[in-house]
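Dear colleague,

I am handing over the structure that I have been reading through, and below it I have written out what was found. Please keep the view open while you read, and take the points slowly, one after the other.

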Number of protein chains: 4
Amino acid sequence: MNVGFIGLGIMGSRMAANLIRSGFRLRVHNRTQEKAHGLAAEWCESPANAARKADVLFTMLSTPEAVQETAFGERGFLPALVEDAVWVDSSTVHPSFSRHMAGECRKRGIHFLDAPVAGSKGPAETGDLVFLVGGDAAVVERCAPLFEAMGKAHRHFGANGAGTSIKMVVNLLLGHAMAGFAEGLALGESLGISRSTLLEVLLGAPVTAPFLQAKRSKVENDAYEADFPLQWMHKDLHLAALTAYEQGLALPGLQAVKEIFAMARRRGLGEKDFSAVCRLLQETRR
Amino acid sequence: MNVGFIGLGIMGSRMAANLIRSGFRLRVHNRTQEKAHGLAAEWCESPANAARKADVLFTMLSTPEAVQETAFGERGFLPALVEDAVWVDSSTVHPSFSRHMAGECRKRGIHFLDAPVAGSKGPAETGDLVFLVGGDAAVVERCAPLFEAMGKAHRHFGANGAGTSIKMVVNLLLGHAMAGFAEGLALGESLGISRSTLLEVLLGAPVTAPFLQAKRSKVENDAYEADFPLQWMHKDLHLAALTAYEQGLALPGLQAVKEIFAMARRRGLGEKDFSAVCRLLQETRR
Amino acid sequence: MNVGFIGLGIMGSRMAANLIRSGFRLRVHNRTQEKAHGLAAEWCESPANAARKADVLFTMLSTPEAVQETAFGERGFLPALVEDAVWVDSSTVHPSFSRHMAGECRKRGIHFLDAPVAGSKGPAETGDLVFLVGGDAAVVERCAPLFEAMGKAHRHFGANGAGTSIKMVVNLLLGHAMAGFAEGLALGESLGISRSTLLEVLLGAPVTAPFLQAKRSKVENDAYEADFPLQWMHKDLHLAALTAYEQGLALPGLQAVKEIFAMARRRGLGEKDFSAVCRLLQETRR
Amino acid sequence: MNVGFIGLGIMGSRMAANLIRSGFRLRVHNRTQEKAHGLAAEWCESPANAARKADVLFTMLSTPEAVQETAFGERGFLPALVEDAVWVDSSTVHPSFSRHMAGECRKRGIHFLDAPVAGSKGPAETGDLVFLVGGDAAVVERCAPLFEAMGKAHRHFGANGAGTSIKMVVNLLLGHAMAGFAEGLALGESLGISRSTLLEVLLGAPVTAPFLQAKRSKVENDAYEADFPLQWMHKDLHLAALTAYEQGLALPGLQAVKEIFAMARRRGLGEKDFSAVCRLLQETRR
């Protein structure tokens with residue numbers, strides 16, 4: 001099976017490495033070539049090149065705009081894919097975008113899966129991602145060995161867009177939980193309870209999401225090296241807000257949480273871990 | 001030890017029953033007498049009466065205003081407490097109120113503990129509450145047998161107000177998590193993912209607070225019998241917002257979440273469980 | 001001068017009529033033909049047809065998506081415009097979209113102006129619109145007679161996108177002011193001040209935007225016939241939120257106001273005037 | 001007529017001076033004596049002293065807590081007022097507080113008016129305030145000469161609390177309009193429209209509240225000398241939020257606007273004019 005892989009960032013580089021480790025021959029492309037240096041894969045000068053001979057093409061890009069440009073821009077990959085090939089988009093985008101891409105593929109006789117992942121840097125490295133998949137069952141089946149090389153599970157949630165939908169809900173919950181925790185921490189500390197007491201009482205308790213435990217040392221040390229950069233969480237909440245508009249929903253909590261991340265980004269925290277909202281809400285200048 | 005107990009609502013009645021079960025002799029008062037009917041305790045016509053001979057007086061009331069009125073109003077309990085008595089307020093109030101009460105007690109030679117509880121109807125019944133306590137260590141020690149009769153643990157967090165502070169942070173997190181979950185559910189369902197799939201995927205996952213699992217059947221059946229009434233959550237978030245103002249904090253997420261509960265209350269859901277915000281966000285009228 | 005006009009809704013039909021009244025020969029297109037019935041203009045079966053011979057083509061459409069589809073979709077107008085023609089987009093869109101359209105035109109040797117209007121149904125009818133224009137000064141000059149036929153003024157704010165930018169700020173202020181007024185009214189009435197007293201005291205006062213006076217009878221009679229439909233205000237606030245994201249701004253007030261309009265739309269008020277948020281905030285069901 | 005006056009801040013000192021100018025003999029008290037130095041009035045060491053012989057006592061204090069303490073604290077004024085005296089509270093408080101004070105007065109045979117003012121430093125100086133009055137018509141009549149000495153009008157809106165209610169609505173609208181304007185300005189500037197163009201286009205236009213014109217030079221020069229300090233606007237929005245809770249209203253716009261002022265205060269802008277939110281939303285640190 002010929003596999004193409006486009007997008008070698010924090011996530012993509014680790015996922016590609018796991019594919020190689022499992023014996024797949026990869027042809028890869030990235031906006032900047034140096035990200036491909038460590039990989040035992042064939043470098044391709046353009047998205048189109050990476051797609052040319054692929055049975056399955058994976059994309060792991062940062063935004064819908066990046067996917068759009070890489071697919072349809074100059075030397076984009078979509079016209080280069082052969083009929084009956086599969087494009088698996090693991091980028092975190094929004095459901096209407098995934099559905100639109102599915103439609104573009106259908107016109108060209110190409111199969112499409114939306115397959116964003118649950119899990120960040122760590123699980124990408126160890127092959128413990130979970131793929132959240134939307135698309136035809138038979139196509140999912142065909143890609144199963146690839147998912148297995150990169151993740152511990154893949155779940156099929158329905159037609160195209162369903163994978164992206166689940167991922168969007170998951171990230172909305174992550175953002176909400178992180179912002180809520182930051183507010184609770186700020187309130188508690190302002191009332192004289194120490195940060196260490198608050199962390200000890202709250203983390204692992206029924207009222208806090210378990211993923212927050214992994215943020216403990218970052219918060220304790222006020223040192224927010226990025227596992228999941230704040231600016232991508234901000235982007236995901238933006239896409240959720242955009243989707244809520246498309247769906248005719250009012251989600252006022254989401255909007256407020258999104259603006260907390262927007263403020264954090266304005267305060268220079270965009271490339272820190274998204275748990276850095278804990279710093280934002282403490283900040284004062286008198 | 002003579003124990004007084006004022007406030008026999010959902011929580012107080014169960015806590016008083018556990019004290020009796022442990023062999024304490026109780027003198028009780030409630031705004032309406034019928035709540036005392038099942039209890040093997042001496043009924044007192046007024047707060048003052050319940051306080052008169054008490055070594056320790058517990059109050060479990062709904063709002064700071066109710067505590068204020070019961071303590072200082074006509075036949076209020078505070079003037080009736082004897083010197084060296086202990087007043088333990090387990091009501092969910094705000095820290096500045098607890099500190100103010102502590103000051104009023106100090107003037108009169110009375111000891112004060114703020115000791116709100118973690119846990120709602122179920123743990124109150126089974127004696128599995130956790131008391132979150134602020135006040136003098138020696139006084140906490142004195143009340144330990146009482147806490148043990150009603151709860152599985154009591155934790156001492158510092159001077160007066162510390163117990164109330166922790167409780168406030170816990171309830172802020174509860175409200176945030178509940179509203180966030182409701183928004184995630186609404187978004188997911190609008191995108192065509194079934195409620196049962198969403199509950200199955202999200203509950204118990206790292207992104208959701210564990211307490212949400214106990215809400216599963218309510219959400220599944222859209223039937224929100226109250227364990228913790230929505231109107232009290234709204235009140236607690238109101239007190240948190242008031243406290244944020246006192247502390248000079250900006251907590252925009254809290255404010256948005258509070259208004260979600262306010263809207264739910266306006267839509268007639270105040271006496272339902274606070275998980276009924278899941279219904280609010282689904283609602284449409286065309 | 002051959003003039004094309006695409007989009008004959010509430011605004012477009014009145015603007016086209018004013019062009020005809022001033023002696024311009026018009027070739028028009030609309031998604032549904034019946035909107036063109038009253039106009040002394042040549043009907044064109046497709047956007048492309050309306051554009052074919054045009055020296056200047058006006059579009060007055062509801063959303064960026066509608067503009068995109070009408071320009072680039074099947075029988076879209078952009079490929080049909082001749083070199084050196086001018087496309088004037090009076091639709092309310094977002095600045096990055098206007099700039100993108102300008103770029104698409106530039107590639108094809110076509111001139112582009114973004115020229116949304118200040119003023120709704122009444123001024124459209126009486127020719128009292130104000131055009132807020134972005135683009136090359138010479139092109140603005142060329143179109144001046146057309147602007148004068150439909151409006152009382154046109155203002156040139158700079159390069160492409162500047163007209164759309166000003167319009168976006170204006171509509172953000174409209175939405176903020178309307179929602180703020182609705183909240184003030186709800187608060188005042190809840191406190192026992194009559195609606196008529198509130199309207200008398202507040203409208204025309206220094207604290208309220210003058211446009212609100214035109215909403216008086218709607219609010220008094222709780223009858224919100226649309227001058228400017230609520231769903232378009234919601235759309236404009238959505239585009240403002242999207243633009244704030246693109247610009248890296250945090251605008252938490254805008255987000256909250258947007259969700260008020262989202263809720264109103266969910267409650268069935270989308271086709272009412274945007275002042276119908278006054279009804280939303282009064283609503284209770286017990 | 002013997003007049004007492006308590007509270008000689010920015011507003012009170014100017015109001016007292018106007019009473020003296022109109023020939024009233026004043027006995028005054030303030031927390032710090034130096035504020036009374038310029039006034040031809042009799043200094044009183046305590047609130048009680050200022051109230052002792054008063055036919056009418058005015059209070060102009062900053063918060064409900066300050067009024068409460070001055071009335072009921074040590075050497076407070078309320079017990080010192082004689083029967084049939086009038087207490088006029090011009091402080092900006094919340095309606096339920098005004099009603100509570102009215103009740104306390106009634107018990108003691110004292111008359112009460114809530115009479116906050118529309119207008120800040122300038123109108124206080126020139127006697128152009130407008131008194132917004134709640135209470136008995138006959139009592140309002142009795143105080144008319146005093147209102148006339150300090151203001152250009154007084155309006156009677158109904159029973160006690162009505163004056164405070166109107167004032168609260170007015171300040172909610174002020175806060176909303178100011179925050180909305182600041183957001184519009186931030187959005188416009190981010191899009192490349194100059195501040196001076198935005199001010200020129202927007203101020204005086206139908207979409208902006210007329211009071212904003214008086215903020216022009218502050219915003220132009222980014223120099224926010226206080227006419228109405230931001231921290232008092234924050235307080236007033238806090239009281240409005242508290243009142244919305246009491247009234248069972250959901251006002252999500254108000255909550256978001258309140259937090260904008262909270263953030264501005266945290267950023268050190270509390271003693272600046274409330275128009276300084278225009279600076280907050282521009283601020284970035286990278």
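Which residue of chain B comes closest to the rotation axis? Before the answer, please bear in mind that this is a predicted model. The residue is Ala209(B), whose C-alpha lies 2.0 Å from the axis. That axis belongs to the superposition of two copies: a turn of 180°, with a shift of 0.0 Å along the axis, lays chain B on chain A with an RMSD of 0.1 Å. This is the relation of a two-fold axis.

The contact between these two chains comes next, and chain B and chain A each bring 48 residues to it. On the side of chain B that touches chain A, at least two residues come from each of α7 (162-190), α8 (195-202), α10 (230-246) and α11 (252-269) of chain B. Of these helices, α7(B) has the largest share of that side, with 20 residues. If you sort the residues of the side of chain B that touches chain A by class, you will find 34 nonpolar, twelve polar and two charged. As 100% of the interface residues of chain B are also interface residues in chain A, the copies meet through the same surface.

Chain B also has a contact with chain D, to which chain D gives 16 residues and chain B gives 16 residues. Here the side of chain D that touches chain B draws at least two residues from each of α10 (230-246) and α11 (252-269) of chain D, and α11(D) gives the most, with nine residues. That side of chain D is made up of nine nonpolar, three polar and four charged residues.

How is a single chain divided, if we take chain A? Chain A has two parts, with domain 1 covering 2-158 and domain 2 covering 166-280, and the C-alpha centres of these two domains of chain A lie 28 Å apart. Where the domains of chain A touch, domain 1 supplies 13 residues and domain 2 supplies 14 residues. The side of domain 1 of chain A that touches domain 2 of chain A holds six nonpolar residues, six polar residues and one charged residue.

When you go back to the view, you might begin with Ala209(B), the residue of chain B that comes closest to the rotation axis, and then follow α7(B), which supplies 20 residues to the side of chain B that touches chain A.

With best wishes

Notes: Residues are numbered from 1 along each chain as its sequence is written. Chains are lettered from A and ligands numbered from 1 in the order in which they are written. This is a predicted model: local features need pLDDT of at least 70, side-chain atom pairs count only at pLDDT 80 or more; totals for chains, interfaces and linings use all residues. Two residues are in contact if their C-beta atoms, placed from the backbone, lie within 7 Å. Helices (H or I, at least four residues) and strands (E, at least two) are DSSP runs, numbered from the N terminus. Ala, Val, Leu, Ile, Met, Phe, Trp, Tyr, Cys and Pro count as nonpolar, Asp, Glu, Lys and Arg as charged, and the others, Gly among them, as polar. Copies are superposed by least squares on the C-alpha atoms of residues with pLDDT of at least 70 in both. Domain bounds come from an automatic or database domain assignment.
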